Amino acid sequence: GTNIAIGGVLNLFLIAILTLVADRLDRLRAYQTLILASIGLSIFYYCYVHFILPDRRPTLFEIILFGEMMSIIGILTGLIYTPLIYDYVVRNKMGTYVAGAQLVTRLTNLITVNGAGLFIVG
């Protein structure tokens, strides 16, 4: 709860700042870079907790720090991804794209959440 409360308040200010940055970047290159940064940060955090911390328990500060870094990358990715779609999807096909993207997103979330639940129970 503390992590979410602190992160949520920080994100209010970060979103305002990041919107100024997102419009000045090359969208496709920035999107590719942010996806790689997200994957790299996730791998780094796993390795940090698993191999560096002696008891494999991050402190609240470390959780918030890595969470905010992932949040910043996620916010920037969303800010860049949305206008990037308009660069590549033809206007009269936008409805088809949005319907397909939402279907895939919902199915992915359903499978991921239920798969994680079954994994934990198992």
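# A tour of helices α2 and α3

I39 counts as partly exposed, because its relative accessibility is 47%, short of the 50% that an exposed residue must pass. Select I39 to begin; this residue lies in helix α2. The model on screen is a predicted one.

With I39 still selected, add T2. The two residues are 37 apart in sequence, and their C-alpha atoms lie 25 Å apart in space.

**Helix α2**

Now select residues 27–52, which make up helix α2. This helix has 26 residues and reaches 35 Å from its first C-alpha to its last. At 1.5 Å a residue, 38 Å would be expected, and the span of α2 is close to that.

Which residues of α2 are buried? Colour A30, L34, L41, Y48 and V49 to see them. Then look for what they pack against: the buried residues of α2 meet α3, residues 60–88.

Go next to I52, also in helix α2. I52 counts as exposed because its relative accessibility is 55%, and the cut-off for exposed is over 50%. Draw a distance from the C-alpha of I52 to that of I72: the two are 24 Å apart in space, with their positions 20 residues apart in sequence.

**The loop after α2**

Move on to R56, found in the loop between α2 and α3. What is notable about its phi? The angle is near 60°, a positive value in a residue other than glycine. R56 is partly exposed, since its relative accessible area is 49%.

**Helix α3**

Select residues 60–88 for α3. Helix α3 has 29 residues and reaches 41 Å from first C-alpha to last, close to the 42 Å expected at 1.5 Å a residue.

Colour the buried residues of α3 as well. Among them are I64, F66, I73, I75, L76, I80, L84 and I85. The buried set of α3 also includes E62, E68, S71 and T77.

Stop at L79, in helix α3. L79 is partly exposed because its relative accessible area is 28%, which falls between the 20% and 50% limits. Show what surrounds L79: leaving aside neighbours within four places in sequence, this residue is in contact with L18, T19 and A22. Then add A30, one of the buried residues of α2. The C-alpha atoms of L79 and A30 are separated by 10 Å, although the two residues are 49 apart along the chain.

**The two helices together**

Show α2 and α3 and hide the rest. Two packed helices are described by the angle between their axes and the distance between the axes. How are α2 and α3 placed relative to each other? They pack at an angle of about 155°, with their axes 9 Å apart. That angle makes α2 roughly antiparallel to α3, because anything over 145 degrees counts as such. The crossing of the two helices is left-handed.

Finally, colour the contact of α2 with α3 by residue class. There are 21 nonpolar residues in this contact, along with three polar and three charged ones.

Definitions and conventions. Residues numbered from 1 in each chain as written. Predicted model: local features only at pLDDT ≥ 70, side-chain atom pairs only at ≥ 80, totals over all residues. Heavy atoms only, no water. Helix = DSSP H or I, 4+ residues; strand = E, 2+ residues; numbered from the N terminus. Expected span 1.5 Å × (residues − 1). Buried < 20%, exposed > 50% of the residue type's maximum accessible area, 1.4 Å probe, protein only. Contact = heavy atoms within 4.5 Å. Axes fitted to C-alpha atoms, helices over the stretch in contact; angles between N-to-C directions. Parallel < 35°, antiparallel > 145°, perpendicular 65-115°, else oblique. Left-handed = near helix turned anticlockwise from the far one by under 90°. Nonpolar A, V, L, I, M, F, W, Y, C, P; charged D, E, K, R; others polar.
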